[in-house]
Amino acid sequence: MRLFVDSPVFLYALGRQTPHTTGSKTLLQRATEGRVELHTGAECIQEIVYHRRRTEAPSRAVAQVQAIRDLCTVHALADVPLHRGLPRVPAHGARGPGAP
């Protein structure tokens, strides 16, 4: 089975316990086991970088995002700018509109 997933699936799995946490973690575990093939967009990955950088230490945020990228096929916007920029997050942060 192939699924295209958006950022809430990953953020529910990584965040506080909610009614969606268990289902999100189960889906990611199935993907890890090869039982489901996950796809997402580069925009989704950027959103996760932004969110996790605001809630986690930079190195942990980068590790979480790398794990998600390793688990999924990431589709355009082009993943190349993200690939080049992600290593810079620990030193420079990740900021977006409305960031404090």
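Let's start in the middle of the sheet: strand β2 (residues 37-41) is joined to β3 by four bridges, and the two strands run parallel. One of the facing pairs is L38 in β2 with C72 in β3, and G41 has H75 in β3 as its bridge partner. All of this is read from a predicted model, so some care is needed, and the confidence scores come up further down.

**The sheet**

β2 has company on its other side too, pairing with β1 in the parallel sense over three bridges. Here L38 turns up again, as the β2 bridge partner of L3. Put together, the three strands make an open sheet in the order β1-β2-β3, with parallel pairing. β1 (2-4) and β3 (72-75) sit at the edges with a single partner strand each, so one side of each has no neighbour in the sheet. From one strand to the next, the twist averages 25 degrees. As for β2, this strand is mostly covered, with four of its five residues buried.

**The chain as a whole**

How many helices and strands does the protein chain have? The count is six helices and three strands. Going along the sequence, they follow the pattern β-α-α-β-α-α-β-α-α. Of the 100 residues in the protein chain, 35% count as buried. Take the contacts with a separation of 6 or more: residues 24 or more positions apart account for 71% of them.

**Three helices, each with a buried face**

Here are the helices α2, α3 and α4 side by side.

| Helix | Residues | Number of residues | First to last C-alpha | Arc of buried residues |
|---|---|---|---|---|
| α2 | residues 21-32 | 12 residues | 16 Å | 135 degrees |
| α3 | residues 42-55 | 14 residues | 20 Å | 145 degrees |
| α4 | residues 58-71 | 14 residues | 20 Å | 160 degrees |

Begin with α2, whose reach of 16 Å is close to the 16 Å expected at 1.5 Å a residue. Its buried residues are T21, S24, L27, L28 and A31. Seen down the axis of α2, they fall within an arc of 135 degrees, so they line one face of the helix. What lies over these buried residues includes β1, α1, β2 and α4. Just after α2 comes G34, which takes a positive phi of about 80 degrees.

Next is α3, where 14 residues should span 20 Å at 1.5 Å a residue, and the end C-alpha atoms are indeed 20 Å apart. The buried residues in α3 are A42, C44, I45, I48, V49 and R52. Viewed down the axis of α3, they keep within an arc of 145 degrees, so they line one face of the helix.

Then there is α4, with a reach of 20 Å that is close to the 20 Å expected at 1.5 Å a residue. In α4, the buried residues are A61, V62, Q64, V65, I68 and R69. Looking down the axis of α4, they fall within an arc of 160 degrees, so they line one face of the helix. S59 and D70 are exposed, on the other side of α4.

**Two residues up close**

F10 has its place in helix α1 (residues 7-14). Is F10 buried or exposed? Its relative accessibility is 0%, so F10 counts as buried. Setting aside neighbours within four places in sequence, F10 is in contact with V5, L28, T40, C44, I48, I68 and C72. Among these, I68 is 58 residues away from F10 in sequence, yet 7.8 Å away in space, C-alpha to C-alpha.

Q64 is found in helix α4. With a relative accessible area of 10%, Q64 is buried. What does Q64 touch, not counting residues up to four places away in sequence? The answer is L14, R52 and E56.

**How far to trust it**

The protein chain averages a pLDDT of 86, and 86% of the residues score at least 70. Confidence is highest in helix α2, at a mean of 97, and lowest in helix α5 (residues 79-85), at 68. Over residues 96-100, pLDDT stays under 50, and the model has six contacts for them beyond four places in sequence. Where pLDDT is low, the predicted coordinates should not be read in detail.

Key:
Residues are numbered from 1 along each chain as its sequence is written. This is a predicted model: local features need pLDDT of at least 70, side-chain atom pairs count only at pLDDT 80 or more; totals for chains, interfaces and linings use all residues. Side-chain values use heavy atoms; hydrogens and water are left out. The expected span of a helix is 1.5 Å times one less than its number of residues. Buried means under 20% relative accessible area, exposed over 50%, partly exposed in between (1.4 Å probe, protein chains only). The arc is that of the directions from the helix axis to the C-beta atoms. Two strands pair if DSSP finds at least two bridges between them. Axes are lines fitted to C-alpha atoms, for helices over the stretch in contact, and angles run from 0 to 180 degrees between N-to-C directions. pLDDT is the predictor's confidence in each residue, from 0 to 100. Contact means heavy atoms within 4.5 Å.
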